[in-house]
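Here are my notes on the model you sent over. I went through the domain contacts and then the chain interface.

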There are 2 protein chains.
Amino acid sequence: MSKLKFIAISGTTGVTENCYVYEYGNDIIVVDCGVGFPEPEMYGVDLVIPDFTYIKENKHKLKGILISHGHEDHLGALPFLLRDVKSDIYATRLVAGFIKEKFDDQKVPLPKLHVFDPEKDSLTLGVFRVTPFRVSHSVPDGVGFCIDTPEGKIFHVPDYKFDWTPVDGKPFDVAKASSLASDGVLALASDALGSTAAGYTESEKGIEDHINAIAEKAKSKILFTTISSNISRVKQALNVATRLKRKVCFIGRSIDRKSKIAESLGYLKYPHNLVINKKQALKLPDNQIMFIISGSYGQPGSALYRVATGEHEWLKLEEEDVVIFSADPAPPGSKTNVDFVVDKLIESGIDVHYYDIQENLHVSGHGCQGDIKMLVSIIKPRYLIPIGGSIRHMHAYKKLIIEMGLNGQNVFELGSGEIVEFEKGFARKSKEKVNVKDVLVDGLGVGDVGNVVLRDRQVLAKDGIAIALIQIDRTNNKLLADPEIISRGFVFEGKSAKFMNETAKKLKIFLESKQHLDKHLAKDHTIDFLEKFFYHKLERRPMILPVIVEV
Amino acid sequence: MSKLKFIAISGTTGVTENCYVYEYGNDIIVVDCGVGFPEPEMYGVDLVIPDFTYIKENKHKLKGILISHGHEDHLGALPFLLRDVKSDIYATRLVAGFIKEKFDDQKVPLPKLHVFDPEKDSLTLGVFRVTPFRVSHSVPDGVGFCIDTPEGKIFHVPDYKFDWTPVDGKPFDVAKASSLASDGVLALASDALGSTAAGYTESEKGIEDHINAIAEKAKSKILFTTISSNISRVKQALNVATRLKRKVCFIGRSIDRKSKIAESLGYLKYPHNLVINKKQALKLPDNQIMFIISGSYGQPGSALYRVATGEHEWLKLEEEDVVIFSADPAPPGSKTNVDFVVDKLIESGIDVHYYDIQENLHVSGHGCQGDIKMLVSIIKPRYLIPIGGSIRHMHAYKKLIIEMGLNGQNVFELGSGEIVEFEKGFARKSKEKVNVKDVLVDGLGVGDVGNVVLRDRQVLAKDGIAIALIQIDRTNNKLLADPEIISRGFVFEGKSAKFMNETAKKLKIFLESKQHLDKHLAKDHTIDFLEKFFYHKLERRPMILPVIVEV
């Protein structure tokens with residue numbers, strides 16, 4: 001007899017990179033397929049994606065991929081999986097629009113993409129019967145799934161909060177979720193990211209008034225920035241612009257495209273003629289325009305970054321201009337980017353409204369402790385699986401469950417690749433796990449940068465490299481010419497020429513003292529000598545790379 | 001006639017690295033001499049120190065160096081300055097203890113170090129008459145200075161807050177400051193770091209109860225961590241241990257030494273026999289011991305880091321152990337370190353009390369908006385200079401001053417090296433400035449790592465390096481042997497051997513197609529070819545370093 005398996009391919013320990021597998025007998029469905037962002041020491045890495053090995057090995061079982069909402073960490077890795085695996089994808093309308101854009105971007109052919117309506121559709125994927133229901137989040141058209149399995153109902157509720165006054169007018173569909181849950185729920189896998197924060201997450205609604213209060217005092221240009229998928233926030237900025245009789249111009253490819261997709265699908269409605277292009281914008285008086293601009297994390301190269309550093313092709317800021325940040329300050333590793341941009345703007349005399357000054361210009365899209373307890377109370381699951389957070393969030397989630405008087409042993413904190421097996425109404429963590437590793441994307445290379453390359457990059461970053469060119473006379477196994485040492489990222493060669501000459505001389509004496517020098521010995525001796533010499537002189541440990549030429 | 005100059009050598013735009021010069025005629029005094037911490041992209045850099053060129057050029061004028069309190073960003077650069085310049089240093093008793101330790105550490109001879117008593121001493125340094133007064137901060141024995149100059153009184157008040165119930169029982173000496181200010185104050189240079197936060201900073205006092213509440217529930221070992229100079233917080237932990245009849249063992253060189261200095265100088269008092277050593281600690285039952293341990297920022301290699309990763313020589317954690325973080329979460333650039341440590345601890349089943357869970361285990365040492373307004377109201381200066389923050393803090397500080405109904409034009413926001421000149425009771429920003437640059441410390445090298453080296457490190461970090469060994473026949477200016485390509489941090493050589501062979505072959509064909517190859521041409525062609533080839537194939541841009549051997 002089959003068991004039901006829930007496999008956390010990734011997404012439980014690293015906040016992003018959501019990807020979960022449900023498997024029963026010969027049927028597999030995948031829920032979400034997102035990218036992760038590299039940690040600061042993963043130098044040069046653009047993205048981290050889930051390890052799809054298990055899914056690829058079982059691709060004959062794959063009945064479909066469900067995407068819960070339109071964020072990169074839930075859909076961004078689809079093209080990487082769909083290069084190697086055939087599967088239909090299921091999503092709401094706006095999410096499908098974002099997915100299409102993603103495949104276009106990556107130049108991967110779009111697979112069959114089914115749009116479902118969370119008000120009325122249900123999907124049958126192999127043995128799984130999936131019923132979506134609306135949730136609130138910081139991007140419209142997000143859903144949770146009630147997955148009917150041969151073992152019972154599992155609720156899968158990624159990023160959500162309870163917002164009773166959402167900008168799109170479509171709150172968490174509690175009635176539907178309750179009704180689906182009414183005949184008993186085996187397990188709930190749900191967003192844990194807010195589990196360390198007390199209380200309830202606030203509604204998006206209030207933000208508009210705060211934006212308005214700042215915008216109505218502005219005497220010149222207004223620049224408004226948020227993350228590009230936050231269509232509701234863009235909608236609020238458009239509302240403010242309409243009220244203040246300002247036109248709006250989008251700057252930055254990503255916010256422009258996402259807003260266009262949302263508009264074309266009916267998720268972003270605004271008066272005719274409100275949005276104008278660059279040419280029209282440049283003709284308008286400064287106090288009649290609002291720019292909605294990409295780069296709320298201060299990403300180097302983004303439109304806002306270029307404006308702040310004065311490198312933007314056509315948008316120049318002047319005193320009296322106002323910049324409004326309406327987003328999280330950025331993930332910890334890259335907060336210095338956005339801090340840099342804010343400081344640059346302030347330095348130019350711009351009036352900047354940003355995260356540090358608490359002006360209520362942003363609320364989280366993730367439910368806090370109150371929201372989590374509410375969801376658990378509505379769904380009443382027997383077992384729980386915290387997802388979408390890190391170790392600390394799973395742990396805090398479990399504490400909440402215990403606080404609610406439930407059994408903490410029914411909460412499964414899963415590492416990447418770990419499996420919960422459900423059988424006859426009971427669940428346990430499997431002793432087996434799926435082998436997964438971080439798959440790093442660097443440029444066009446997927447998975448070719450691993451620990452060895454990263455370790456080298458870390459050494460190179462810290463102290464640079466010294467290359468020693470050693471020529472050996474093959475006839476007598478002696479040094480043929482003076483060693484040459486070239487360095488990069490180690491010491492400034494211009495200033496340190498004397499030091500490098502001294503080093504080369506000392507190395508020569510050392511190598512000449514050796515009776516016999518073949519390729520391998522010359523290499524070992526050179527590394528040995530230079531490592532010690534440099535550490536003694538400078539307390540630095542550059543990478544030492546001998547290039548040995550036998551002549 | 002002379003003017004009074006206030007020079008911000010550093011410390012106004014980068015939060016740390018405090019160093020200010022007061023100059024009148026032939027007299028200079030320096031206030032504070034601190035280190036800064038490298039930004040994330042300053043790979044391999046250990047510290048940033050102020051540019052002392054101006055002070056060195058004017059060392060004949062130098063009448064003394066005043067240190068306000070015992071934090072690294074106010075005193076850590078002293079040994080670097082005092083290597084080249086002779087000067088007496090003036091500080092309170094505990095601060096002098098920390099300074100002595102710093103010189104010992106750096107193996108620089110200690111200059112004459114004068115201890116002053118902020119209750120009664122005044123100092124005459126050339127034309128300057130300096131009267132210190134107590135302030136509250138997160139390290140005991142901090143002061144502000146009232147500096148009597150020929151142009152009038154300047155108050156210099158670095159890091160402070162108004163804490164009416166400080167742990168050491170010595171609050172901000174408002175009476176003395178008010179009385180010193182009563183006959184008119186020309187200018188106030190004061191801490192701006194809290195200027196973006198509303199309200200008043202809370203007292204340190206309440207924290208002890210929160211530590212106690214957690215500690216009294218602990219059934220096994222307690223590990224308590226804070227930054228090593230936070231003697232008052234250590235005192236609170238000692239109080240809790242005493243109350244709970246636990247012994248205390250210090251782990252980690254820096255917290256152990258700073259606490260010993262504080263104890264020997266009478267700043268840290270505790271019952272005889274409370275503090276025990278490692279050997280005694282290991283003999284005690286787990287529920288009778290509290291470890292006070294370094295590493296509250298999760299610094300790799302710190303004691304707490306090694307405990308968390310299981311690498312510590314003798315301290316092993318078990319379930320039921322409790323770890324209490326009582327410090328800021330760490331500067332933005334290195335928050336991932338401490339996040340890593342917290343996650344590691346949670347993963348081992350330890351009960352961790354850290355910054356994200358709001359348990360009131362830390363308060364800032366810097367005054368918020370309320371404190372800043374209070375100080376300004378007490379001192380009533382004509383001019384103001386925000387210090388100790390960044391551009392955003394200076395800007396927010398200025399906004400506060402305007403909110404108070406004062407003239408914003410009297411607030412000087414200074415970049416590094418900028419000067420305010422005071423003459424006949426009036427102040428203006430000078431058109432001249434002192435040329436300063438970031439001085440980077442890497443290992444034993446001071447100032448030898450500059451932009452070129454850093455840029456190389458950034459390139460190396462991002463995409464690694466490819467070294468091409470090209471041998472040319474000097475007689476006919478042709479390629480002599482097949483090019484060899486070695487890479488580090490670029491692609492994994494094991495897996496990519498085929499790719500590198502293909503590259504070398506293509507490079508060979510390219511170089512053979514050239515009529516004439518001398519050293520320079522071979523170099524240029526190789527760089528040109530490989531840059532394009534690698535970008536085309538992988539969208540990566542490793543550093544290309546041709547090593548040309550003419551035979």
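1. How many residues of domain 1 of chain A are in contact with domain 3 of chain A, and how many on the other side? Five residues of domain 1 of chain A touch four residues of domain 3 of chain A. Keep in mind that this is a predicted model.

2. For orientation, chain A splits into domain 1 (4-200 + 364-432), domain 2 (207-357) and domain 3 (451-550). The C-alpha centres of domain 1 and domain 3 of chain A sit 52 Å apart.

3. Back to that contact: domains 1 and 3 of chain A bury about 370 Å² between them, with 65% of it on carbon and sulfur atoms. On the domain 1 side, Glu41(A), Met42(A) and Tyr43(A) supply 85% of the area buried against domain 3 of chain A.

4. As for polar links there, the count of salt bridges between domain 1 and domain 3 of chain A is zero, while two residue pairs are in polar contact. The domain 1 side has three nonpolar, one polar and one charged residues.

5. Now the chains. Chain A puts 60 residues in contact with 61 residues of chain B, and the two bury about 5400 Å² between them, 59% of it on carbon and sulfur atoms.

6. Ten salt bridges cross the interface of chains A and B. One of them pairs Arg540(A) with Asp442(B), with the closest N and O atoms 3.2 Å apart. There are also 16 residue pairs in polar contact across this interface.

7. Which element gives the most to the chain A side? That is H14(A), with eight residues. By class, the side of chain A touching chain B has 29 nonpolar, twelve polar and 19 charged residues.

Methods:
Residues numbered from 1 in each chain as written. Chains lettered and ligands numbered in written order. Predicted model: local features only at pLDDT ≥ 70, side-chain atom pairs only at ≥ 80, totals over all residues. Heavy atoms only, no water. Domains from an automatic or database assignment. Contact = heavy atoms within 4.5 Å. Buried area = accessible area lost by both parts, 1.4 Å probe. Salt bridge = Lys/Arg side-chain N within 4 Å of Asp/Glu carboxyl O. Polar contact = N/O pair within 3.5 Å; in protein donor to acceptor, adjacent residues only side chain to side chain. Nonpolar A, V, L, I, M, F, W, Y, C, P; charged D, E, K, R; others polar. Helix = DSSP H or I, 4+ residues; strand = E, 2+ residues; numbered from the N terminus.
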